[in-house]
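Me: I'd like to go through a few labels with you and see how each one is earned. Could you set the values against the cut-offs for me?

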Amino acid sequence: MNILADENIRIDKYISNKFEEIPREKVKDFIKDKKILVDEKKVKPSYKLELGDMINISDELFKKPEIRPEKMDIKIIYENEDYAIIDKDENVMVHPAGSIVTATLVNGLLYKFGYDNLSHIGGDDRPGIVHRLDKDTTGLMLIAKNNKSYKYFKDLFEKRKVDKEYFAICHGIFDNKKDTIETFIDRDPNNRRKMAVRPSGRKAISKYEVIKEANGFSLVKVKILTGRTHQIRVHMTYINHPILGDPVYGNVGHKFNLEHQLLHCHKLGFVDQSGEYKIFETEVHDDFKKYQKVLKLGD
């Protein structure tokens, strides 16, 4: 598809505005993968359009994957007519990506709630999904059960009005037991699977506090004020305390048979549509508890 630009705004925003059913993150990925060009040239998602620019869009952008409901053990912490709070397990992708269209959280949500009881405007491949956790990060997620709820909570997340707190087991003993990490995070130019601290990126802010330390490892509580991809994993690596088991950012040898990061979202807090501040908490999962006990970092 070819369209002529008639606004002077960022190309990712322009296309998202034109095609509201397509998530902006998907548009950005297509731009980065050269599936959206301007005058047949690669540009960045931040490129500001000139009037009359010819935008070349791959038809793949409009393809809708077939996503089928699948029975899945989903732990619901709380539920009302507008949203649900679930406790995600490890080894579960949040939504389909590329050729992966099965065994994701979305497949389980479709089975549990049904398509008509989930929001749709976040994308056909992301019903109910307002925010994400990495595949092997466990813990609390908010699920929107209708479009009105999706818009409300998406706005809260974007305005940093959702309190998000995590537990992590990190390599090393921290010199500063409590601190704020503020950097810019962008895609790693050498590895698209990774994010990295780079001046070209978006601001990312994490506050951490060491809860307990022993045997060369630390149990850390992290509160994130922004929600960048892999933010905590990148920040902990940036300060030389990567998360135990992280297969992408850890790059640190350890004696445990562990191939996933020990990172758990244990707390979510926000003012919901009723005007009441709600706070939800959940314990770390069994695997996290196992290594916490082995390393003598508490029960």
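Me: Why is Ile-279 called partly exposed?
Reply: Happy to help! In this predicted model, Ile-279 has 44% relative accessibility. Buried would mean under 20% and exposed over 50%, so at 44% Ile-279 counts as partly exposed. Its place is in strand 13, residues 277-281.

Me: What makes the nonpolar surface patch that includes Ile-279?
Reply: Val-271, Tyr-277 and Ile-279 make that patch, which covers about 260 Å². Patch residues need over 30% relative accessible area, and the 44% of Ile-279 fits that cut-off.

Me: Why is Leu-268 called buried?
Reply: Buried means under 20%. Leu-268 has 1% relative accessibility, so it counts as buried. You'll find Leu-268 in strand 12, residues 263-271.

Me: Which residues is Leu-268 in contact with, leaving aside its neighbours within four places in sequence?
Reply: Among them are Leu-140, Leu-142, Val-162, Asp-163 and Phe-280. Ile-279 is also in contact with Leu-268, and contact here means heavy atoms within 4.5 Å. As for Asp-163, it is 105 residues apart from Leu-268 along the chain, yet their C-alpha atoms are separated by 5.5 Å.

Me: And how do you know whether Ser-119 is buried or exposed?
Reply: By the cut-off of under 20% for buried, Ser-119 counts as buried, because its relative accessibility is 0%. Ser-119 lies in the loop between helix 3 (105-113) and strand 6 (138-144). Not counting residues up to four places away in sequence, Ser-119 touches several residues, including Pro-127, Ile-129, Ala-144, Asn-146 and Tyr-150.

Note on methods. Residues numbered from 1 in each chain as written. Predicted model: local features only at pLDDT ≥ 70, side-chain atom pairs only at ≥ 80, totals over all residues. Heavy atoms only, no water. Helix = DSSP H or I, 4+ residues; strand = E, 2+ residues; numbered from the N terminus. Buried < 20%, exposed > 50% of the residue type's maximum accessible area, 1.4 Å probe, protein only. Patch = residues over 30% accessible without salt bridge, like charges linked within 9 Å, V, L, I, M, F, W, Y side chains within 5 Å. Areas by Shrake-Rupley, 256 points an atom, 1.4 Å probe, with all protein chains shown as cover. Salt bridge = Lys/Arg side-chain N within 4 Å of Asp/Glu carboxyl O.
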